[in-house]
Structures are given as C-alpha cells and as structure tokens.
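The following exercises concern the geometry of one protein model. Each consists of a task and a solution worked in steps.

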Amino acid sequence: MDRLPHTGVSTTSPSDLSPSRAPLTTVAVVGLGTMGTGIAEILARAGREVIGIDVSEGACRRAVTALEVATARAVHRERITERERAGILGRFRVSTDLRAAADAELVIEVVPEDYDTKHEVFAELDTVISPTAIVATGTNALSVTRLAAESAHPERVLGLHFFNPAPAMKLVEIVSSVLTAPAAVEAVTALARDLGKEPVALGDRPGFVADGLLFGYLNQAAAMYEAKYAAREDIDAAMRLGCGLPMGPLALLDLIGIDTARTVLEAMYAASGDRLHAPAPILGQLSEAGLTGRKAGRGFYTYEAPGSAAVVPDAATAEVRHSTEEARPVRAVGVAGSGTMASGIAEVFAKAGLEVVLAGRTLEKAERAKARIGKSLERSVSKGRMTKQAREQALERITAADALDAFAEVDLAVEAVAEDLVVKQQLFKVLDKVCKPGAVLATTTSSLPVVACARATSRPQDVVGLHFFNPAPAMKLVEVVRTVLTADDVRATAHAVCAAVGKHPVDCGDRAGFIVNALLFPYLNNAVKMVQEHYATPDAIDAAMKLGGGYPMGPFELLDVVGLDVSLAIERVLHREFREPGLAPAPLLEHLVAAGCLGRKTGRGFREYAKV
C-alpha cells in the first residue's frame, strides 16, 4: 500500500515510541457504540487484551452481549472453536471509569463527533496513561492536529479511522498530524496489518480520503432530492444500477446518520470553502427534527422501527410509481447509429421480441453492427443464457438499413449517434419527416440538452431522453429524461418500453448529467484534485474507495476506463451548466488530456497499460 512521506516532528526520543518494541498488546477502546464495540471485537479476536470504556453502564453491557452473540455465531459457522471463543471473551473487560485505561499501550477514542467531548477525554487520558502510550482518535470530521496540539504529549496522537461495520470493512485510515511521531504511525500500522486490515497513511484534513470523497457525493444527492429533481428511490436506484454501488446515496445517509453527515460536511466546508461541501439545507432540517435516519426510524426513508433496516411505505412512496396505462403501443423500433451503443440497444430490443431497424450511414456499417450483435448473442449461447434458436430469432428481427427512410413505420425511433449536438439536431430533423405521426423519438445523449433535439422537430412533445448505460445488454439502468415539452403519454411509453425489455427506468429532468453523471463526475474530479494537491496517490485513493466505500472500481481505475477526454468533456458541461466553482475540471485532468494521456485506449492515463 502506498504511503505518503511523513512530515511530522517529534518531541520524544526514538526509544520512547520505538516501533521495534513488543506489539501493542493491551488496548483501551473509549466509547462503546456500534463502532467502538466492533473495534473491540476485532482486537480481542486478534489476541489483544481489550478494555472497553463507556460512561454508560448500559453501553458496557450491550458491548459484552454483542461480543457474546458475534462469537457464538462464529462458533456455529465453524469459524472458531468454543475454546477460542472463551479466550476472546476472557480478553475483553469493560468499565465506566477512564482510569481503567492506565495500563493500555494504545487508546482508541470513538466517542461522539463533538470536539468538546473528545477534548475532555484526551485531557483526562493525559493524567491516566503512560507518556509512551499511543492515543488514536476515530474522528473522520474533526481536526486530529487540534486534538494533538492540546494534548500533553502531541507526538503520540494520531487518527485511526475504521469503517462501519468495523469487523467486515478492510480499510483503516491512519492519520498523522504535523506533530505525530513516525514511530507511533509505524506501530499502529503494524497493528492494523496484524488485524487483517489494509492501512492507508494520510495527512490531516476533514474526511480524509474515503469520507472526503464520499460525503461530497452524498451532499449533492441530498441537494438533488431537495430540489425535487428526482424521487429518492430513483436517485438511489440510478447510483446502484448505473455505478454498481452497494447502496444508493440517500439510503446510505440514513445508515450513516444524517446528523453525522451534516457534522462531517460542516468540517469539510470550513476547511475547503467549496460550496459543494456546504451541507444541503435538508440535512439540517432533518437533523433538527430528529429525523436522523435508521437510528431514529425515519430520515429520507421511513423504517419499521428505530434501528431497523426494513423500509416501509410512507407519503413519498407513491410519487415514484410510474403509470404505463397511457403508453402508446410499441412493436417496431428504429435505432439510428452503428457504434457499440447503437448495436447494444438494438440487441436489447430484438431479444425482447421487438422488430428492429438498424440504420447506419452506409449499409456496410449497419451490417457490421448486426454482425457484432450476432457475436454478442453467440457469447450468450455459449454461456447458457439463451438457446441457439432464440439467437437466430433475435437476429431475424433486425433489419440493417442505410437510410432513416426505413423508419417510416416504427413506433419508437432511438438516436445513438455521436455526442455532437449539431449532428443530433440534423438527425432529428430527418426523423421528424420520415417517422409516422405518433411515433416516439428518443435520444440516448448523456450530456446534451434533450430539449435542443426536441426543438429541431415539429413535434417536441413526442421527444424524450432514453439514456442507456454501456454495455446496454448488461446494464439494467435507463434514465428517462423528460423535457418541459414532453407529453405524459410519451413518458409513460418510455417506462413501458423499459419494462418490456427488462430495464429499470428512473425519471429525471432535462439538465446536464441527469442523475448518474451529475453525481459521479464531481466525485471523480475531486479525486483528481486530491492527487493534484499531493494529498494521496491514485493507488491509495482507489484502495480507500474500494475497501472503505464498497465501490467496484476506484476513481482512477474508472477514469482510465471511461477515458480522460470523455470525463473532461462531461465535467466541462456540468461546470458550464451549474456555474459552481467546485465543478471546474481539475487542471491535472486537463493537462493529461492535452498530453494525449486518455486512459486505457491510449495506453496511458493515470496509470500505464501494456499495449495490446
């Protein structure tokens, strides 16, 4: 794992905090909430003597019970023996008195995210523990440096940020202030590895890497919902299905705690001054009302009971139900284009039993696109996903054409040509002339205004956006983009078609980025800024987001796959539309594109790739 150079200074001698001393064998965990209890479990399982401390006797009892239940479950699953379980339970003791930490070689503080509370704990620890004991704060929002500076021994203070649930999540962020002794960092890093975690060493800034990127994204999702741009279920489904994330952003905010998210964002905004980090007003409103998410039984969603993960219907649930009763019948579809996206969309329609006309600029290009579909379907046959007969029937439904005149009888015309507004507008002028009255006209644009395509026709009410994701046969999501002119039955038709071909439609308005790109690309841009500012390396950031956030790919892996030029173009569109300074593309991204380093397709982007 990459590690940044240590820039701290130490006021102790090397022998005081020597990394060569015996491993940290006795650890105190101060604060026995969900996180503290999880950390205590990890430590006890790894053979450490663990002292759990909390001012609440109830919290102490719950922590003991939680460890008993977790270890019993592990025995039942044959992951540990009864003897090992007894050893784990015997290594864990609890107390309501902070003086119980006197013999600890490491103290991990995970009390609530409140500076005064943490400062009080640190001040008392200074009078209790050995001067050579290491003190780690579990904060992800407050300044580690400030806590260290006010400690009697600032050289021993660092940040140790586990992710929830601590026993399952691999990432641990180890945060140094400018005062932290290198030996303290080395000792805690060695402990983290011994616990089976992946440590990433970082400097002190609010949110560090994972939360620093994650909470900006969550904040923008909250603002998107507050603006009534899209329903909460659609925002969450879009990010799960479009980006492969384990949870949607609003459901994740409910899990984290809306009050906690607001605290982290306040700290990030105070440090960055970036308006994208200024907490969306709805976060404050929900927090003040006590609607803090799952723990309260209600946040963006409503739950069966406080602490429950089961979502129950509420007044907002009905808003996301999309009626298809008004839908126009669709039996034949025209797909304009011969590239990867066009052939993928044509394949989707043909497999669902619709007649498809695939029109390229030349018949040769259209035939090549059909051949590409044939190879894709053959792969499905070889993997047992469809029969040879079904493959042949799907191919028979596709007619290759070299002119849009072939769309005369289609019920739905889908444009999937180059992402150039002039080209698309010219195509829509032709579709307006050749398609029959009542046919729905759709664009697959991911960044251009749908209404600009609609205005190129004499029937803008019939135009809608159908943003498929690549590869279209595999990706379930389709963003249904309605302009201010789109008719109700056209939107209903778009939803009905998506359902017929096995896709999940989400509704959104006609603005740059729609849902997915508007939330994804600012996150990617902020990751580039972290590298540009020498805060962390691409490897460290990718690891943090995969291990700490559950992302299928790190931001730099994704940027290199998407293409840095494509990413830059989308970020420029977002910046131009929303005029937010924080959305301005990172200069490092612009420099790489100017140098021709566009990612995998050129063999070099943020990383270098072997030429195929």
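**Exercise 1. Locate the residues with unusual backbone geometry and state the geometry of each.**

Step 1. Pro-165 is found in the loop between β6 (157-162) and β7 (171-176); helices (H or I, at least four residues) and strands (E, at least two) are DSSP runs, numbered from the N terminus. A cis peptide bond joins Asn-164 to Pro-165, with omega about 0°.

Step 2. The loop between β16 and β17 contains Pro-471. The bond between Asn-470 and Pro-471 is likewise a cis peptide bond, and its omega is about 0°.

Step 3. Phe-208 is not a glycine, yet its phi is positive, at about 55°. Phe-208 belongs to the loop between β8 (198-203) and α7 (210-226).

**Exercise 2. Establish how far the coordinates may be trusted.**

Step 1. The model is predicted; local features need pLDDT of at least 70, side-chain atom pairs count only at pLDDT 80 or more, and totals for chains, interfaces and linings use all residues. Residues are numbered from 1 along each chain as its sequence is written, and side-chain values use heavy atoms, with hydrogens and water left out.

Step 2. The mean pLDDT (the predictor's confidence in each residue, from 0 to 100) is 93, and 95% of the residues reach 70 or more.

Step 3. Over residues 1-16 the pLDDT is below 50, and this stretch has 40 contacts (heavy atoms within 4.5 Å) in the model beyond near neighbours in sequence. Where pLDDT is low, the predicted coordinates should not be read in detail.

**Exercise 3. Derive the strand order and edges of the sheet that contains β5 and β6.**

Step 1. Eight strands form an open sheet in the order β3-β2-β1-β4-β5-β6-β7-β8, and the pairing is mixed. Two strands pair if DSSP finds at least two bridges between them.

Step 2. β3 (92-95) and β8 are the edge strands, each pairing on one side only. From one strand to the next, the twist averages 25°.

Step 3. Strand β5 (residues 134-137) runs parallel to β6 and is joined to it by three bridges. Val-135 stands opposite Val-157 in β6.

**Exercise 4. Describe the sheet that contains β14 and β15, and the helices that pack on this sheet.**

Step 1. The order of this open, eight-stranded sheet is β13-β12-β11-β14-β15-β16-β17-β18, with mixed pairing. Its edges are β13 (398-401) and β18 (504-509), each of which pairs on one side only. The twist from one strand to the next averages 25°.

Step 2. β14 (residues 412-415) and β15 (residues 440-443) run parallel and are joined by four bridges. Leu-412 has Val-440 in β15 as its bridge partner.

Step 3. Helix α8 (residues 232-243) packs on the sheet and touches β17 (477-482) and β18; its direction makes about 125° with that of β18. Angles run from 0 to 180 degrees between N-to-C directions, and axes are lines fitted to C-alpha atoms, for helices over the stretch in contact.

Step 4. Helix α12 (residues 340-351) also packs on the sheet, touching β11 (332-336), β12 (355-359), β13, β14 and β16 (463-468). The direction of α12 makes about 170° with that of β11.

**Exercise 5. Classify the packing of α18 with α22 and of α1 with α2.**

Step 1. The axes of α18 (residues 516-532) and α22 (residues 587-594) come within 8 Å and cross at roughly 90°. α18 is therefore roughly perpendicular to α22. Angles under 35 degrees count as roughly parallel, over 145 as roughly antiparallel, 65 to 115 as roughly perpendicular and the rest as oblique.

Step 2. Val-528, Val-531 and Gln-532 of α18 make the contact with Pro-587, Leu-588 and Leu-589 of α22. By class, this contact has five nonpolar, one polar and no charged residues. Ala, Val, Leu, Ile, Met, Phe, Trp, Tyr, Cys and Pro count as nonpolar, Asp, Glu, Lys and Arg as charged, and the others, Gly among them, as polar.

Step 3. Helices α1 (residues 34-45) and α2 (residues 57-76) pack at about 50°, their axes 10 Å apart. These two helices are therefore oblique to each other.

Step 4. Thr-37, Glu-41 and Arg-45 in α1 meet Ala-63, Ala-66, Leu-67, Ala-70, Thr-71 and Ala-74 in α2. The residues of this contact divide into five nonpolar, two polar and two charged.
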